[in-house]
Structures are given as C-alpha cells and as structure tokens.
Amino acid sequence: MTIPTHSIEEMKDPKEITSVTLGTSPVSLEEFIAVARYHAKVEFSPEMEEKITSVRKLVEKFLEESRPIYGVTTGFGDNVRHSISKENAKQLQLNIIRSHSTGVGEPLNEECVRAIMFAMLTNARTGFSGVSLPTITQIKELLNRGVVPFVPGEGCIAGLSVEGHIALVLVGEGYAYVDGKKVPGAEALTKAALSPITLGTKEGLDLLNGCLGAIGLSALALYNTIQCMKSADIASAYSFETLKGTKKALDPRLMAAKCREEQADTAKNLLHILEGSEIIDANTDRTVQDPYVLRCAAQMSGADKRVIKETYRAICEEFNSCCDNPVIIPDETGEDGVALMEGNFDGSYTAMHMDSLCIAMAHLGKMCERRTDRLVNRHFSDYPGFLVKNPGLNSGYMITHYTSATLLIEIRSMLTPSSGDSIPVSANQEDPNTFTYVSAMKAYQCSRKLEYIVGIELMTQAQAKDFITDLKSAPVIEKVHSQIRSEIPTVEEDRYFYPDMEKIKDMVHEGTLVKTVEKEIGHLLF
C-alpha cells in the first residue's frame with residue numbers, strides 16, 4: 001500500500017475539504033480530519049467498489065468449501081479450537097459484535113466516533129479484508145447523514161469494544177445520537193432513512209479487528225499536536241520580543257553546526273516571523289546569553305518536530321494499511337485465493353508512536369509553560385506582577401498560569417508507556433498485547449490539554465506586548481497580536497478569564513494564527 005508523500009507543511013486545511021473519495025489513492029491525514037471533525041462527505045470510487053466485491057466473493061467461496069479459516073469457520077480468540085458450521089456463520093458475526101460491545105464509562109465525543117468509523121472504511125478500502133460493499137456503504141451513510149453511534153470509551157484494550165458499539169448500530173441494535181438526541185439503533189437508522197443490514201461471514205470480525213479505534217484517535221491526536229507545534233513556533237517568536245531575547249541563538253551558522261534539520265527549520269521560522277522587529281534589533285547585544293528557554297527554543301522544538309514527523313509517517317501508514325486478520329489474498333485469476341491467518345491487526349506501531357507523541361507534547365508544553373511563568377513572574381521580567389497594571393488589587397494572569405502548570409502536570413501523569421505493558425487475555429491466546437487504544441486515548445487527551453497550554457502562552461505574550469510602547473514589533477507579530485486582540489481585549493483589571501482561554505484555545509485548535517503567519521511568510525517549516 002502507498003501513503004501520502006507530501007510533508008506536514010504542505011498539508012491542506014481540512015476545513016476546505018468537503019468531500020473525500022476512497023479509492024486507489026492513499027488517504028491523507030487532512031482528509032481523515034476533514035471527515036472526522038469537519039463532516040466532509042465520503043464517497044467510494046468504482047475501482048474500490050469493484051475490488052471489494054471481487055474479494056468478498058472469495059470469502060463466500062471459502063465458507064461454501066468449509067475451509068478452516070479463523071473467524072469464518074472457527075470461533076474467536078481461544079475459541080479458535082471450535083468449528084463453526086455454514087449454517088451458523090452469520091450468527092457468529094452477530095454474536096461477536098454483541099459480545100464485544102463491552103465499553104463502559106463516558107461516551108466518546110462525536111469526532112472520536114467519526115474518526116473510528118472512517119478508520120473502518122480506510123481499512124476496508126485496501127480490499128484485503130473481505131468485508132462486503134453493503135456493510136461499508138452503511139458506515140459511509142451513517143457518516144454522511146450525521147448518525148453518531150453511542151460508544152462508551154473506557155475499558156478498551158486495543159480495539160474491539162468501541163468498534164463493537166459502532167457495529168451494533170449497523171444492524172439496528174445499540175444506541176446512536178441523531179440531532180444530538182440518544183435513541184435506539186433501529187430508530188436512528190429509521191430517522192436517517194436507512195435499514196438494518198445483515199452481517200455476512202467474517203464481517204463482524206472485519207469491523208472489530210485492527211485497532212481501528214486506536215487508529216482513529218491517533219489521527220486526531222496527531223493533527224492536534226501538529227497544530228499546537230505550529231502555534232508554539234509563533235509563541236516562541238513572540239517570546240524573543242517580550243523577553244528581550246537575542247537572535248544570535250538562531251544564527252544559521254549555529255544551526256549548521258548540528259545535524260538536525262528540524263532545529264534549523266525552526267530557527268528559520270522564528271527569524272522569518274521576527275523580520276523587521278525593532279525590539280529584536282535593540283536587544284541583539286543586550287546580554288551574553290539568554291535563559292535556556294529562549295536560547296534553546298529551536299533545539300527543543302526541533303526535537304519535538306522529529307518525533308511528530310516520525311509519528312505522522314507511522315499513523316499515515318497505519319490507516320492506509322489492511323489491519324485485519326485473516327487477510328484475503330486473491331490469486332492471479334481472481335477466481336480463487338488464500339486466507340492468511342496472521343498478525344496485521346497488531347497495534348505496536350501505533351501504540352509506541354502514541355506513547356512517544358505524549359512525551360513530545362509534555363516536552364513542548366513545559367517550554368510554553370516556562371515562558372508563561374517568566375512573563376507573569378516579576379522576578380524574571382520587566383513587567384508588573386502577573387501582567388496587570390495594578391497588581392495586588394488585581395491578580396491578573398496569576399491563576400491562568402496555575403491552569404497551564406496544572407495541565408502540564410496532567411500530561412506528565414500520562415507519560416508511562418502503555419505499549420510496553422501486557423496482561424494476557426482470552427485464556428492466554430491473546431498474549432502479549434499492546435494496549436494500543438490506551439496509548440491513543442492518552443495522546444488524544446494530552447493533545448487537548450496542550451492546546452490550552454500553548455493558547456495560554458499566546459494570551460500572556462499578547463498582554464506583555466501591550467506594555468512595550470517604545471519600539472515596534474515585527475510586522476508579522478503585529479498581525480498576530482491584532483488577531484488575538486480582536487477576540488481577547490487587553491486585561492486592565494481582573495475579569496472572568498474562562499471565555500478568553502476558550503477563544504485562544506480555539507485559535508490554536510483551528511490554526512487561526514498559523515494561517516495569518518503563513519499568509520505573510522509562506523509555509524512554516526516543519
């Protein structure tokens with residue numbers, strides 16, 4: 001299978017993608033996000049439909065011939081030792097989605113459920129699963145018609161349970177949200193002008209296999225982290241002005257002395273954003289050496305970007321792969337083939353990269369939080385305490401920094417890798433396992449916390465800049481500042497800060513400030 005070859009900086013804005021056609025071309029991360037988050041419509045190419053129909057015939061042929069195939073003519077897990085008759089083949093598939101729908105706790109939000117559903121389709125797109133066209137069409141129509149299955153999001157080991165709750169709705173069972181109201185699955189289908197389907201042999205297994213829940217959450221977590229990283233470059237440039245940093249730390253000759261392209265590219269980003277800054281020019285020789293958080297900004301961000309780039313490749317490879325078991329391989333004629341019982345469902349790649357991504361997010365978050373502290377801390381800056389004109393009577397940004405610090409601690413509490421752990425299940429038939437879903441859920445939760453940490457720094461940077469009246473900022477910084485101020489006014493005295501933090505978080509989440517910067521200087525290098 002092939003994957004997108006374009007780089008992160010060349011990614012399109014997923015909000016601008018209104019339709020995604022699944023076919024022979026690889027699916028991009030931005031297409032994945034367009035469907036999961038921004039409700040882009042999903043279509044199938046004729047080539048994809050033809051391939052899926054052709055391979056489906058092989059599965060039915062294998063069943064008719066009673067070939068010994070896992071999940072087709074045998075039970076699941078340790079039940080592989082039990083044979084299943086042709087007469088019970090369909091019941092087996094219904095039984096697996098019923099018995100595996102064991103998620104508990106709070107339900108997943110809409111974008112998470114849609115991401116998992118789309119992962120089901122990208123897995124089927126490869127044509128090696130043997131799932132039928134009517135089954136994946138049902139998933140497509142649920143996405144296109146806004147039906148969101150009710151999916152309890154806790155207690156999932158790698159996949160299985162979250163996918164099971166989605167699969168129940170396909171057959172008219174379980175629950176789903178329609179127009180925000182939770183209704184029984186059969187009623188949800190009726191409201192969407194759809195009918196329950198009957199799963200054929202292997203199809204229940206197809207829908208549950210391959211850590212599809214983890215893949216969906218991983219795509220969301222990855223995209224959120226990319227948005228945070230780009231916004232953090234803007235915050236870094238901002239900090240060189242507000243904390244009176246010297247641009248000597250960004251010297252291209254210095255960057256060339258170390259074999260790290262992400263570090264060099266970060267320095268280029270900051271220098272481009274800071275072009276024309278009177279503040280920077282005035283402080284170039286102010287000190288021999290800046291604090292670590294300034295002089296190592298390119299190095300630290302570069303390390304984060306390396307992890308993010310490697311994760312980007314791994315996750316794009318995963319949702320462009322067949323992550324099923326067994327895999328159906330047609331012969332040269334297409335009239336016959338084999339079912340290979342193997343381990344493509346294993347989630348090790350996803351789990352390890354999500355664990356690594358959590359570490360990168362904590363690393364990025366600590367840099368943003370430390371700069372925030374330097375701005376609000378009168379012992380380390382030239383500004384009034386907590387960036388307010390009348391400290392004492394006003395607490396200013398004192399407690400917003402508490403929020404940033406606490407969110408960082410919450411991220412740090414999730415840094416223990418899940419991929420290295422294992423608890424045998426299914427009578428030790430499933431041993432070891434990767435806890436892929438746990439790693440992916442942690443990464444998704446971390447990414448949402450990181451958005452606030454980056455946003456809070458940007459908000460404090462804007463407040464600090466308001467105190468600089470004698471020198472001009474870089475033109476790009478001025479545009480960023482104006483955009484922030486269009487939503488969040490200068491703090492003259494204490495007010496209710498929650499709305500401000502939500503607005504600045506949304507700017508990070510949607511890439512609003514990144515768009516402003518890239519309009520002026522082109523793509524931020526990644």
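A residue counts as buried when its relative accessible area is under 20%, and as exposed when that area is over 50%; values in between are called partly exposed. The exercises below apply this to a predicted model.

**Exercise 1. Two neighbouring strands**

Task: Determine which side chains of strand β2 (residues 41-44) are buried, and how β2 is joined to strand β1.

Solution.
1. In β2, Val42 and Phe44 point to one face and are buried. Lys41 and Glu43 point to the other face and are not buried.
2. β1 (residues 19-22) also alternates: Val20 and Leu22 are buried on one face, while Ser19 and Thr21 point to the other and are not.
3. The two strands pair in the parallel sense, over 4 bridges.
4. Opposite Lys41 in β2 stands Ser19, and opposite Val42 in β2 stands Val20.
5. Taken together with helix α1 (residues 29-36), β1 and β2 form a right-handed β-α-β unit.

**Exercise 2. Helices packed against α19**

Task: Classify the packing of helix α18 (residues 475-487) against helix α19 (residues 498-510), and then that of helix α17 (residues 436-465) against α19.

Solution.
1. Two packed helices are described by the angle between their axes and the distance between those axes.
2. For α18 and α19, the angle is about 135° and the axes are 9 Å apart.
3. Angles from 65 to 115 degrees count as roughly perpendicular, and those over 145 as roughly antiparallel. The α18 helix is therefore oblique to α19.
4. The crossing of α18 and α19 is right-handed.
5. The axes of α17 and α19 come within 8 Å and cross at roughly 110°. This makes α17 roughly perpendicular to α19.
6. The crossing of α17 and α19 is right-handed as well.

**Exercise 3. Salt bridges and accessibility**

Task: State how many salt bridges the whole structure holds, and examine the pairs formed by Lys247, Glu317 and Arg495.

Solution.
1. A search of the whole structure gives 36 salt bridges. A pair qualifies when a side-chain nitrogen of Lys or Arg lies within 4 Å of a carboxyl oxygen of Asp or Glu.
2. Lys247 and Asp281 meet this condition, with an N to O distance of 3.8 Å. Their salt bridge links distant parts of the chain, 34 residues apart: Lys247 belongs to the loop between α9 (212-242) and α10 (252-256), and Asp281 to helix α12 (residues 278-283). With a relative accessible area of 34%, Lys247 is partly exposed.
3. Glu317 and Arg313 form a salt bridge in which the closest N and O atoms are 2.9 Å apart. Because these residues are 4 residues apart in helix α14 (residues 297-319), about one helical turn separates them. Glu317 is partly exposed at 27%, whereas Arg313, at 54% relative accessibility, counts as exposed.
4. Arg495 forms a salt bridge with Asp500, and the closest N and O atoms are 2.9 Å apart. Arg495 is partly exposed, with a relative accessible area of 28%; Asp500, at 5%, counts as buried.

**Exercise 4. A network of charges**

Task: Which residues are linked to Asp13 in a network of salt bridges?

Solution.
1. The network joins Asp13 with Lys15, Glu16, Glu510 and Lys515.
2. Glu510 is located in helix α19, which spans residues 498-510.
3. The same helix is the partner of α18 and of α17 in Exercise 2.

Definitions and conventions:
Residues are numbered from 1 along each chain as its sequence is written. This is a predicted model: local features need pLDDT of at least 70, side-chain atom pairs count only at pLDDT 80 or more; totals for chains, interfaces and linings use all residues. Side-chain values use heavy atoms; hydrogens and water are left out. Buried means under 20% relative accessible area, exposed over 50%, partly exposed in between (1.4 Å probe, protein chains only). Two strands pair if DSSP finds at least two bridges between them. A crossover is right-handed if, with the strands pointing away from the viewer, the path from the first strand over the helix to the second runs clockwise. Axes are lines fitted to C-alpha atoms, for helices over the stretch in contact, and angles run from 0 to 180 degrees between N-to-C directions. Angles under 35 degrees count as roughly parallel, over 145 as roughly antiparallel, 65 to 115 as roughly perpendicular and the rest as oblique. A crossing is left-handed if the near helix is turned anticlockwise from the far one by less than a right angle, and right-handed if clockwise.
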